[in-house]
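This briefing goes through a structure by topic, starting with what lies inside. Please have the sequence and the 3D view at hand.

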Amino acid sequence: MTRLLHLHRPLVLFSLLMAAMIPVSLVGLAVDDRVLAGSPIWLKPLKFFISLVLYGLTLAWVLKFTTRWRKLTWWAGTVLAVGGTVEMVAIVGQVVRGRQSHFNVATSFDAAVFAVMAVTITVVWAMHAIISASLLLTRFTDRVAGWAVRLGMAISLVGLALGALMTRPKPGQNPADGIVGAHSVGVPDGGPQMAVTGWSTTGGDLRIPHFVGIHALQVLPLVVMLLGSRATVRAVWAAATGYGGLTALVTWQALRGQPLLQPDALTLAGLAAVLLATAVVAWAPTRRTTGTARTEKAVQPA
């Protein structure tokens with residue numbers, strides 16, 4: 001706990017608040033039998049709370065590396081924590097009311113709540129972008145960890161932006177019916193879905209690329225930790241190539257209305273291309289200039 005308090009305090013407090021709400025959601029799942037859009041009504045906030053604990057703590061850790069725009073990035077982290085809190089107040093408030101939070105414009109109040117959520121997630125994205133830019137300009141003493149953080153932040157920024165795909169009106173939707181936007185592609189929301197995640201098993205689901213992209217922020221530093229002394233800048237770039245390619249692939253798959261676990265030949269070909277690109281980055285021979293031997297480390301991005 002003492003180590004946590006040495007990190008960005010507002011983000012740590014935000015993460016602790018999100019963690020404290022996990023048991024509340026679990027109790028809600030146990031005692032509240034209401035179902036909304038095909039899922040237990042407390043499942044959505046539970047997933048958000050878990051994700052935000054990881055996100056908030058990782059950002060708090062990342063901010064300790066910044067050497068540029070220190071005051072600006074501190075405020076960016078603080079605004080991000082406030083924005084995330086407002087987002088979750090809106091989601092839980094709608095759960096208590098038994099109303100859908102996202103895409104719901106059925107009443108003026110529901111529309112106002114959804115509008116507030118749109119503003120807060122835009123603010124979160126902007127603050128994340130500021131921190132990403134600062135880290136790009138930061139000189140890390142450990143180049144391997146530095147690139148893992150930078151690339152993880154960049155892919156995560158894309159993942160956050162992919163959430164906007166869900167807010168677009170779907171074919172046949174009429175705002176007068178109260179819903180504008182959807183998680184699913186090719187099928188209505190609330191149909192057959194995977195356990196725990198709630199992702200559609202009969203159509204595309206835009207929550208998948210959103211989830212995959214956001215958590216690059218944890219995955220790439222974790223790759224470095226797992227590799228230990230074997231971690232290199234090349235390995236980090238290979239991991240980022242594979243992870244970024246996977247994010248693009250599941251986005252394409254979802255937009256085509258295809259369930260995650262039912263890939264067609266095109267999707268499998270895309271996966272093969274991602275694996276090939278990752279292998280090329282990982283194992284391609286290092287270029288050498290005539291008469292000058294250059295080590296792999298010297299030609300890697302700084």
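**Nonpolar cores and helix α5**

In this predicted model, the largest nonpolar core has 38 residues, and Leu11, Tyr55, Leu59, Ile131 and Met153 touch the most other members. Two or more residues of this core come from each of α2 (9–31), α3 (43–62), α4 (70–97), α5 (108–137) and α6 (143–162). The largest share, nine residues, is given by α3.

Cores

- Another core, of 17 residues, lies apart from the largest one; Leu151, Ala231, Val233 and Ala240 are among its members.
- Beyond its neighbours within four places in sequence, Ile131 is in contact with Leu59, Val62, Leu63, Thr73, Ala76, Gly77 and Met153.

Helix α5

- The 30 residues of α5 should span 44 Å at 1.5 Å a residue, and the end C-alpha atoms are 44 Å apart, which agrees.
- The buried residues of α5 are Asp110, Val113, Phe114, Met117, Thr120, Val124, Met127, His128, Ile131, Ser132, Ser134 and Leu135.
- These buried residues pack against α3, α4, α6 and α8 (216–227).

Surface

- Trp69, Leu72, Leu136 and Leu137 form a nonpolar patch on the surface, and together they have about 400 Å² of accessible area.
- Leu137, one of the patch residues, is placed in helix α5.
- Leu137 counts as partly exposed because its relative accessibility is 40%, and partly exposed covers the range between under 20% (buried) and over 50% (exposed).

Conventions. Residues numbered from 1 in each chain as written. Predicted model: local features only at pLDDT ≥ 70, side-chain atom pairs only at ≥ 80, totals over all residues. Heavy atoms only, no water. Core = buried A, V, L, I, M, F, W, Y, C linked by side-chain atoms within 4.5 Å. Buried < 20%, exposed > 50% of the residue type's maximum accessible area, 1.4 Å probe, protein only. Helix = DSSP H or I, 4+ residues; strand = E, 2+ residues; numbered from the N terminus. Contact = heavy atoms within 4.5 Å. Patch = residues over 30% accessible without salt bridge, like charges linked within 9 Å, V, L, I, M, F, W, Y side chains within 5 Å. Areas by Shrake-Rupley, 256 points an atom, 1.4 Å probe, with all protein chains shown as cover. Salt bridge = Lys/Arg side-chain N within 4 Å of Asp/Glu carboxyl O. Expected span 1.5 Å × (residues − 1).
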